[in-house]
Amino acid sequence: MMTTKLWEGDWELIRGIPYSMAPAASWWHQDFGGAFVENFRQAIKKEKLTCDCKVLYECDWVVNNDTVVRPDVMIVCDKIEGNYPTKPPVLILEILSPQSILKDRNTKFNLYQSYGVKYYLLANVERQQVEVFMLNNNRYEQAANINSFVLTNTCTIHFDLQDLFS
């Protein structure tokens with residue numbers, strides 16, 4: 001198994017191509033990501049009897065031998081065996097920055113779609129906007145005004161994404 005742990009610095013490996021990650025995120029990137037994690041953990045906790053999902057921040061997802069990515073946030077509902085998730089998350093949030101926008105909108109969009117990530121969220125903190133893409137027939141479609149996320153057959157969480165900006 002190829003690993004990015006042997007390399008100096010922070011890297012993602014997508015289909016065998018290494019991508020150097022940007023330096024540490026800005027404070028507003030961290031603040032928004034933290035608010036997302038906190039609010040979604042609380043929403044999941046409200047559904048604790050039917051929802052056994054985990055909200056992970058800056059954690060590697062080992063897709064396969066030549067692909068390891070580190071989404072800003074992901075929600076994983078499958079059992080995690082080992083140190084990192086190896087099954088597709090149900091939801092991924094990427095917080096856009098000038099350094100990552102092309103990779104997030106193109107490379108990762110296509111990767112997450114091809115591996116069946118149900119929800120892909122792109123947050124533009126500067127514009128106070130979150131785009132939500134939902135998998136439908138193996139293709140992402142943009143969803144408008146979504147306030148409910150069906151994470152599993154027994155777990156639906158309700159959350160207004162605009163609350164993250166207040």
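Here is a friendly exchange about helix, cores, disulfides, rings and one glutamate in a predicted model.

Student: Before we start, what should I know about the numbering and the cut-offs for this predicted model?
Tutor: Residues are numbered from 1 along each chain as its sequence is written, and side-chain values use heavy atoms, with hydrogens and water left out. In this predicted model, totals for chains, interfaces and linings use all residues, while local features need pLDDT of at least 70 and side-chain atom pairs count only at pLDDT 80 or more.

Student: How far apart are the end C-alpha atoms of helix α1?
Tutor: Helices (H or I, at least four residues) and strands (E, at least two) are DSSP runs, numbered from the N terminus. The expected span of a helix is 1.5 Å times one less than its number of residues. Helix α1 covers residues 27-46, so its 20 residues should span 28 Å. That agrees with the model, where the end C-alpha atoms are 29 Å apart.

Student: Which residues of α1 are buried?
Tutor: Buried means under 20% relative accessible area, exposed over 50% and partly exposed in between, using a 1.4 Å probe and protein chains only. By that rule, the buried residues of α1 are His29, Phe32, Gly33, Ala35, Phe36, Val37, Phe40, Ala43 and Ile44.

Student: Which element supplies the largest share of the largest nonpolar core?
Tutor: A nonpolar core is a set of buried Ala, Val, Leu, Ile, Met, Phe, Trp, Tyr and Cys residues joined through side-chain atoms within 4.5 Å. The largest one has 32 residues, and Phe40, Leu121, Phe149, Leu151 and Leu161 touch the most other members. At least two residues each come from α1, β6 (73-76), β7, β8 (119-124), β9 (129-136), β11 (148-152) and β12 (155-158). The largest share of this core, 7 residues, comes from α1.

Student: How many residues are in the second, separate core?
Tutor: This second core is separate from the largest one, and includes Trp61, Val76, Val117 and Tyr140. Its count is 19 residues.

Student: Which residues does Leu121 contact, leaving aside its neighbours within four places in sequence?
Tutor: Contact means heavy atoms within 4.5 Å. With those neighbours set aside, the partners of Leu121 are Phe36, Leu91, Ile92, Leu93, Glu94, Val130, Glu131, Val132, Phe149 and Leu161.

Student: Glu94 is on that list; is Glu94 buried or exposed?
Tutor: Glu94 sits in strand β7, residues 91-95. Its relative accessibility is 2%, so Glu94 counts as buried.

Student: Which side chain makes a polar contact with the side chain of Glu94?
Tutor: A polar contact is a pair of N or O atoms within 3.5 Å; within protein, one must be able to donate a hydrogen and the other to accept it, and residues adjacent in sequence count only if both atoms are side-chain atoms. For the Glu94 side chain, the distance is 2.9 Å and the partner is the side chain of Lys108.

Student: How many residues apart are Cys51 and Cys155?
Tutor: A disulfide is a pair of cysteine sulfur atoms within 2.5 Å, and Cys51 joins Cys155 with S to S at 2.1 Å. The link is left-handed, with -60° about the S-S bond. Cys51 is in the loop between α1 and β3 (54-57) and Cys155 is in strand β12, which puts them 104 residues apart.

Student: What is the handedness of the link of Cys53 and Cys77?
Tutor: These two cysteines form a disulfide with S to S at 2.0 Å, and both are buried. With 105° about the S-S bond, the link is right-handed.

Student: What is the pairing of the bonded cysteines?
Tutor: The count comes to 2 disulfides. Numbering the bonded cysteines of the protein chain in sequence order, the pairing is 1-4, 2-3.

Student: Why is the pair of Tyr119 and Phe149 called edge-to-face?
Tutor: Rings of Phe, Tyr and Trp (its six-membered ring) pair if their centres lie within 6.5 Å; planes under 30 degrees apart count as stacked, over 60 as edge-to-face and the rest as tilted. Both Tyr119 and Phe149 are buried. Their ring centres are 5.1 Å apart and their planes are at 75°, so the pair is edge-to-face.
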